[in-house]
Amino acid sequence: MLTEEERGDLGAAVRAFVTDLIGPTAEADDENQHFRKDFIQAMGEQGFCGVATPEAYGGLGLGYLEYCTVLEEIARVSASYAVSVAVTGLPQIILSTWGTEEQKQQWLPGLAAGQLLGAFALSEPSSGSDAGSLKTQAVRDGDDYVLDGTKFWITHGGYADVYVVMARTGGAGARGVSAFLVPGDAQGLSFGRKEQKMGLRASPTLEVILDGVRVPTSARIGEEGTGFTVAMAALDSGRITIGATSVGLSQAALDVSAR
């Protein structure tokens, strides 16, 4: 954990960097719904994408106070890109807690460095944060699972290199849900309409369609039936990071109002 003075220095450094990187195009990108993946890569090179990820896997190994400091400062310039950093952090939080060593080695360094983009696919047309009622299926077929279903409101849909997908492997309810890692180039993975949003328009939000997507059993995160626990923990993290993003956005609004 950093001292208060060190967190202040971190915040100032982040603010200066993202003001130069994102500031010149932030308004136009929001207006035109233009997402720049290279901005995530540039922030990743500074360590902003892996603040809470262990150092052993390429992150900074810091805590949520530092993570929130980084997100607040990004959001002061662009809440869209703060959301992107927060969302690409979700697979990192999940893998750091539940991932196998193989999964961590495969995905964490690239995500923490901003070289890879992550996504979290829980919500569906008939279910939001209630993971216990989702309908996407993952059916065991030998050493693989075959995934079929539709996910809605997915940040980085069509852009992510890896999706954490919640799917049903058992009966009804929370205990029938499992979590899987689905590469962005998986056969059978496609993308539907892009949401027309009132704000955060530089952050892409799309429908994600899984049609016979086949992944090996090694792509499952944790045991069968633990997906609900994984999803709820991810949402707990998201409440903190999106809260920090909202604080940064509010600070920017206050700054503009004062001027």
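1. Strand S4 is covered on both faces: Val162, Val164, Met166 and Arg168 are buried on one side, and Tyr163, Val165 and Ala167 are buried on the other. In other words, seven of the seven residues of S4 are buried. The division into two sets fits the rule that side chains in a regular strand alternate between the two faces of the sheet. The model under discussion is a predicted one.

2. The pairing of S4 may be considered next. With S1, S4 pairs in the parallel sense, over four bridges. Within the chain, Phe120 stands opposite Val164 of S4. With S5, S4 pairs in the antiparallel sense, and this pairing runs over seven bridges. Here Met166 stands opposite Ala179 of S5. Val164 and Met166 both belong to the buried set on one side of S4.

3. Ser178 lies in strand S5. Is Ser178 buried or exposed? Ser178 counts as buried because its relative accessibility is 0%, against a cut-off of under 20%. The side chain of Ser178 makes a polar contact of 2.7 Å with the side chain of Thr169. Leaving aside residues up to four places away in sequence, Ser178 touches Val165, Met166, Ala167 and Thr169, together with Glu223, Glu224, Gly225 and Gly227. Of these contacts, Val165, Met166 and Ala167 are among the buried residues of S4.

4. Helix H6 covers residues 101-112, twelve residues in all, and reaches 16 Å from its first C-alpha to its last, close to the 16 Å expected at 1.5 Å a residue. Its buried residues are Gln103, Lys104, Trp107, Leu108, Gly110, Leu111 and Ala112. Which elements do the buried residues of H6 pack against? They pack against two helices, H3 (37-45) and H5 (79-98), and against strands S1 (118-121), S4 (162-168), S5 (177-183) and S8 (220-221). After H6 comes Gly114, which has a positive phi, near 75°.

5. The largest pocket has a volume of about 460 Å³. Elements giving two or more residues to its lining are H5, strand S3 (144-155) and helix H7 (227-258). H7 gives the most, with five residues. The lining has 21 residues, and those nearest the centre of the pocket are Val83, Val87, Phe120, Trp153 and Thr155. Phe120 is thus noted twice, as it also stands opposite Val164 in S4.

6. Enclosed space should be treated separately. How many cavities of 30 Å³ or more does the structure hold? There is one, and the volume of the largest cavity is about 40 Å³. The residues lining this cavity are Cys49, Gly50, Val51, Ala52, Thr53, Tyr67, Gly89, Gln92 and Ile93. H5 gives the most to this lining, with three residues. H5 also figures among the elements that give two or more residues to the lining of the largest pocket, and the buried residues of H6 pack against H5.

7. A final point concerns Ala28, which is found in helix H2 (residues 26-32). Ala28 counts as partly exposed because its relative accessibility is 40%, a value that falls between the limits of 20% and 50%. Ala28 and Val213 are 185 residues apart along the chain, and their C-alpha atoms are separated by 36 Å.

Note on methods:
Residues are numbered from 1 along each chain as its sequence is written. This is a predicted model: local features need pLDDT of at least 70, side-chain atom pairs count only at pLDDT 80 or more; totals for chains, interfaces and linings use all residues. Side-chain values use heavy atoms; hydrogens and water are left out. The expected span of a helix is 1.5 Å times one less than its number of residues. Buried means under 20% relative accessible area, exposed over 50%, partly exposed in between (1.4 Å probe, protein chains only). Contact means heavy atoms within 4.5 Å. A polar contact is a pair of N or O atoms within 3.5 Å; within protein, one must be able to donate a hydrogen and the other to accept it, and residues adjacent in sequence count only if both atoms are side-chain atoms. Two strands pair if DSSP finds at least two bridges between them. On a 1 Å grid over the protein atoms alone, a cavity is a set of points where a 1.4 Å probe fits but cannot get out, and a pocket is an open set with protein on both sides within 12 Å along at least five of seven lines; lining residues have an atom within 4 Å of a point. Grid points are joined across faces, edges and corners, and a volume is the space filled by probe spheres set on the points.
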